[in-house]
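Me: I've got a model open and would like to go through it with you. Could you take my questions one at a time?

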Amino acid sequence: MKEDGVHICSQLWVSSFSNPRKTYANLTGFLRKFDLWVLAYQRCYADEMGLFPPRNSIHYAVLRDLLSLRDAVLHSQYSWGMRTHQYIRSPREKPITRLISKRKLRLMLEQCTPTFQDRILQEVLLMVLEPVFESRFSRRSFAFRPGRNAHTVIRTIRSNFAGYLWFLKADLGCILERLDVDSLVGFLENTVKDRKVLAIIKAGIRKPALAGTEEEEEQKKKRKKRGGRKKKKLDENERKPDPYWLRTFFAFAPEEAAKVPSWGHAGVLSPLLANVCLHELDVWMEDQIIRFFRPSRSDSIWKNSTADGSHNPSWPEFVPTSGQEKTRKMDYIRYGSHILIGIRGPREDVTEMKRKLVEFCENKYGLKIDNSSIQIEHITRGIQYLDHIICRRVIYPTLRYTGTGGKIVSEKGVGTLLSVTASLQQCIRQFRRLELVKGDRDPEPLPCTPMLYASQAHTNSQMNKFLETIAEWYRYADNRKKVVGFCAYIIRSSLAKLYAARYRLQSRAKVYKLASRDLSRPIKETTGAAPEYSDLLRMGLVDAIDGVQFSRMSMIPSCDYTPFPPNWIPDHERLLHEYIKLQDPKFFCELSRSIKREGLSLPQDDMSMLVWDLKSKGILGDRSTLKSSNQSNESVRQLPTFSESNSSVSSLYG
């Protein structure tokens, strides 16, 4: 191990962003670098055990097995999904020292989870291929990419989608489900020409992975209910399961983010392959946006170009809706397989764009999209995307301006404000799926039964983390206070019903009377000669009970209107572009010419002249002052000695 795996990955990121249109014919050289395999093992080990191991702590036997896995992959001797003969095993798996029964062997072969060595190979391929394609992907694609998430989608919609009346909302998941392997590999071949890497990926996609059906999952749940629930004892190095609040929030995932694409044994490589597949659609849509644009001088925005009429992105844009002619403009955004197209123009343009989209998918992917998966919606009805509703508010402002003769003219105008709000109905559906409420229009909270045997302090802390995550998820919604207040009410009422059932109280009112509004007081204290709760808390024998957050509307944070630039890029891409620019000598030559052209001086030049004057003439002072004084005096005055200058310098810094 001569190099660092992180350093190898960073060099690949820099080289790919330096030349985004470059094709790669030899990526096998990166597969030969053993340091990448060690880094992939560290990441898989951290995912398995919850601890990232340092390189010097990896045993020699593990490195030997890892080396044999690399050689098997390079010599085309590796088979995806092989469970009986593995080159390297998970650190959680115990070594098999004796023969196993047919039943255990059948259970081992029927497991749905990928093997540890498959995950290591997936990580290596991801580290090699991700920088290659990230430099090519469109800025309008946000899912399964570093530095981008659902929040950037919401902020982009708020900043760039003002003024659009018609929207095309489509789910292209059928393309990812029914696309054949040869077409997917063909999209990879446009950038990656390495046959060995393509053969490895193609073999992993072709070989189907075992997956349990819905009926089998239901039967397993019934068996668990019949047999009862037993406490599971974790091994010494076994990773703890996800806490309740995190599993609860995962159930709140929107439809667009809940479904992750998967092909065979590709595993974590599948989302990248999905973006590679749909990148062709992104390129086609960017070309359609340029062709669709037709400016109008009579409109208030976008008179000359798509970037004209840039506004303050911290607030929704005021866009006039009246007028004979408007600028025809279109914008596009994609999160996974879900796309959203905003169109400013008549409905005929929307239907024509829908026809072109269906035709493009049929020609490019060889699949025909069902018309029900592409919806045409108007802004007045609201468009739901990522559990947020994109709508508008019509306003009638009074426009005052100075006319001819200095008269102040007042006219009534009509405009709209783009509004992005959280869907309260979708929030109720999520709570109903978690069995925390019943009913739809007037939901009634239900007791939080999964936390029945947990202490009051642990239950409150879990629900506080859940509420904090919910408040962060709805950070950019206009009705953030309303929806977070509703979630806090549901959680607080559910816990109150839980405590009423646990401590045999008759109603929530008695729980609030004992534990206060935020449930921060202990409901049941010890009786008799045992010490009270306050004494136990002082001695550190019990946990402090934190009150349930957001019990009052004033405690809920408001919507975040932080400015979001139209041409936003993630921080890591911005740093990469700056680093590449600094590595280019032409940039420094141009910078030096511009400095000389403007008559400026570099700080390095001033410091070097100060040092030169001090060493050669024994003077510490400003060079420009000395030059002006020498020009004014015709006779050269005698300079002080070097000892005198040293004494003056010591007096300055003494």
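Reply: Sure, starting with a definition: buried means under 20% relative accessible area, exposed means over 50%, and partly exposed is in between, using a 1.4 Å probe and protein chains only. This is a predicted model, so to speak: local features need pLDDT of at least 70, side-chain atom pairs count only at pLDDT 80 or more, and totals for chains, interfaces and linings use all residues. Residues are numbered from 1 along each chain as its sequence is written, and side-chain values use heavy atoms, with hydrogens and water left out.

Me: Is Asp35 buried or exposed?
Reply: Asp35 sits in helix H3 (34-49); helices (H or I, at least four residues) and strands (E, at least two) are DSSP runs, numbered from the N terminus. Its relative accessible area is 8%, so Asp35 is buried.

Me: Which side chain meets Asp35 in a salt bridge?
Reply: A salt bridge here is a side-chain nitrogen of Lys or Arg within 4 Å of a carboxyl oxygen of Asp or Glu. The partner of Asp35 comes at 2.9 Å, N to O. That partner lies in the loop between helix H3 and helix H4 (60-74), so the pair ties together parts that are 20 residues apart in sequence. With a relative accessible area of 25%, the partner is partly exposed, and the residue is Arg55.

Me: How many residues apart in sequence are the parts tied together by Asp331 and Arg140?
Reply: Their side chains meet in a salt bridge at 3.3 Å, N to O. Asp331 is buried at 8% relative accessible area, whereas Arg140 is partly exposed at 25%. Asp331 lies in strand S3 and Arg140 in the loop between helix H6 (116-134) and H7, so the parts tied together are apart in sequence by 191 residues.

Me: What is the strand order in the open sheet of four strands?
Reply: Pairing in this sheet is antiparallel, and two strands pair if DSSP finds at least two bridges between them. Strand S3 (329-335) and strand S5 (374-378) stand at the edges with a single partner strand each, so one side of each has no neighbour in the sheet. The order is S3-S4-S1-S5.

Me: Which residue in S5 is the bridge partner of Leu168?
Reply: Strand S1 (residues 166-171) and S5 run antiparallel and are joined by five bridges. In S5, the partner of Leu168 is Ile376.

Me: At what angle does helix H7 run to S3?
Reply: Axes are lines fitted to C-alpha atoms, for helices over the stretch in contact (heavy atoms within 4.5 Å), and angles run from 0 to 180 degrees between N-to-C directions. Helix H7 (residues 150-160) lies across S3 and strand S4 (338-344). To S3, the angle of H7 is about 170°.

Me: What separates the C-alpha atoms of Pro397 and Gly413?
Reply: Pro397 is in the loop between strand S7 (388-395) and strand S8 (398-402). This proline is partly exposed, at 23% relative accessible area. Pro397 and Gly413 are 16 residues apart along the chain, and their C-alpha atoms are separated by 5.4 Å.

Me: Which residues are linked with Asp47 and Glu48 in a network of salt bridges?
Reply: The structure holds 31 salt bridges. In the network that includes Asp47 and Glu48, the other members are Arg92 and Arg119.
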